[in-house]
Amino acid sequence: MRSSTETPASGAGASGAGASGAGASGAGATRDRVAGAVLFALGLLIVWEARTLPFGSLRVPGAGMFPVALALMLAALGLLLALKGGGPALRALGWKEARQGLAIFGALAFAALALDSLGYRLTVAAVLLFLIGAVERKGWLVAALVAIGFALGSHALFADFLRVPLPRGPFGV
């Protein structure tokens, strides 16, 4: 009789630990399972989109080899993460950082839409000023110095040194 009492108690402890790491039990959606599934799907989508690029060979790689190789690694690691499935259950997660996540997503959407019309330097400076000043709540002077320095420095690196064509905004900026 005593052993039957101990078994549920140990089972309750195991299920309590399983709630925080539900991936080990194999049941339920956890943070890691969902993230792994999203990464797996993203990797497959990138492989699908890169199919139009020439793949080439190992001696003469084409434009599609690097994106396909990275996407396959992303898909494999995402699948591994989804199968391992640790982490807390989705219901147990607090979404206190949701506002920051939405602000970052909005800043990236702005950057994608404004890059051609504002140009690289102004877009990067504006996005970094917003992210550092408003989202991270650093001082505006520090945010402005970092944003302008990074925008000018990265433009010099990519446009001047590496000769990557970047969009120019109004007044050639």
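Helices here are DSSP runs of H or I with at least four residues, numbered from the N terminus.

**Figure 1. The whole chain, a predicted model built from helices.** Reading from the N terminus, the elements go α-α-α-α-α-α. That makes six helices and zero strands. Of the 173 residues, 25% are buried. Among contacts with a separation of 6 or more, 63% join residues 24 or more positions apart. The accessible surface adds up to about 12,000 Å², and carbon and sulfur atoms own 73% of that.

**Figure 2. Confidence, with the N-terminal stretch in view.** Mean pLDDT for the protein is 83, and 84% of the residues get to 70 or more. Residues 1-25 are another story, with pLDDT below 50; the model still gives this stretch 15 contacts beyond near neighbours in sequence. Where pLDDT is low, don't read the predicted coordinates in detail.

**Figure 3. Helix α4, end to end.** This helix covers residues 98-118. With 21 residues at 1.5 Å a residue, α4 should span 30 Å, and its end C-alpha atoms sit 28 Å apart, so the two agree. Along the way α4 bends by about 35 degrees, at Ala-112. Just past the helix comes Gly-119, with a positive phi of about 90 degrees.

**Figure 4. The buried residues of α4.** Look for Ala-103, Ala-107, Ala-111 and Ala-114, which are the buried residues of this helix. They pack against α5, residues 120-135. As for the spacing, an α-helix has 3.6 residues a turn, so residues three or four places apart point the same way.

**Figure 5. Leu-145 on helix α6.** The helix around Leu-145 runs over residues 140-161. The Leu-145 residue counts as exposed because its relative accessibility is 59%, and the cut-off is over 50%. Leu-129 lies 16 residues away along the chain, and the C-alpha atoms of this pair are separated by 8.7 Å.

**Figure 6. The salt bridge between Arg-31 and Asp-32.** A search of the whole structure turns up one salt bridge. In this view, the side chains of Arg-31 and Asp-32 meet at 3.4 Å, N to O. Arg-31 has 40% relative accessibility, so this residue counts as partly exposed. Its partner Asp-32 has a relative accessible area of 15%, which means buried, given a cut-off of under 20%.

How values were computed: Residues numbered from 1 in each chain as written. Predicted model: local features only at pLDDT ≥ 70, side-chain atom pairs only at ≥ 80, totals over all residues. Heavy atoms only, no water. Helix = DSSP H or I, 4+ residues; strand = E, 2+ residues; numbered from the N terminus. Expected span 1.5 Å × (residues − 1). Bend = angle between axes of the 7 residues up to and from the residue. Buried < 20%, exposed > 50% of the residue type's maximum accessible area, 1.4 Å probe, protein only. Contact = heavy atoms within 4.5 Å. Areas by Shrake-Rupley, 256 points an atom, 1.4 Å probe, with all protein chains shown as cover. pLDDT = per-residue confidence, 0-100. Salt bridge = Lys/Arg side-chain N within 4 Å of Asp/Glu carboxyl O.
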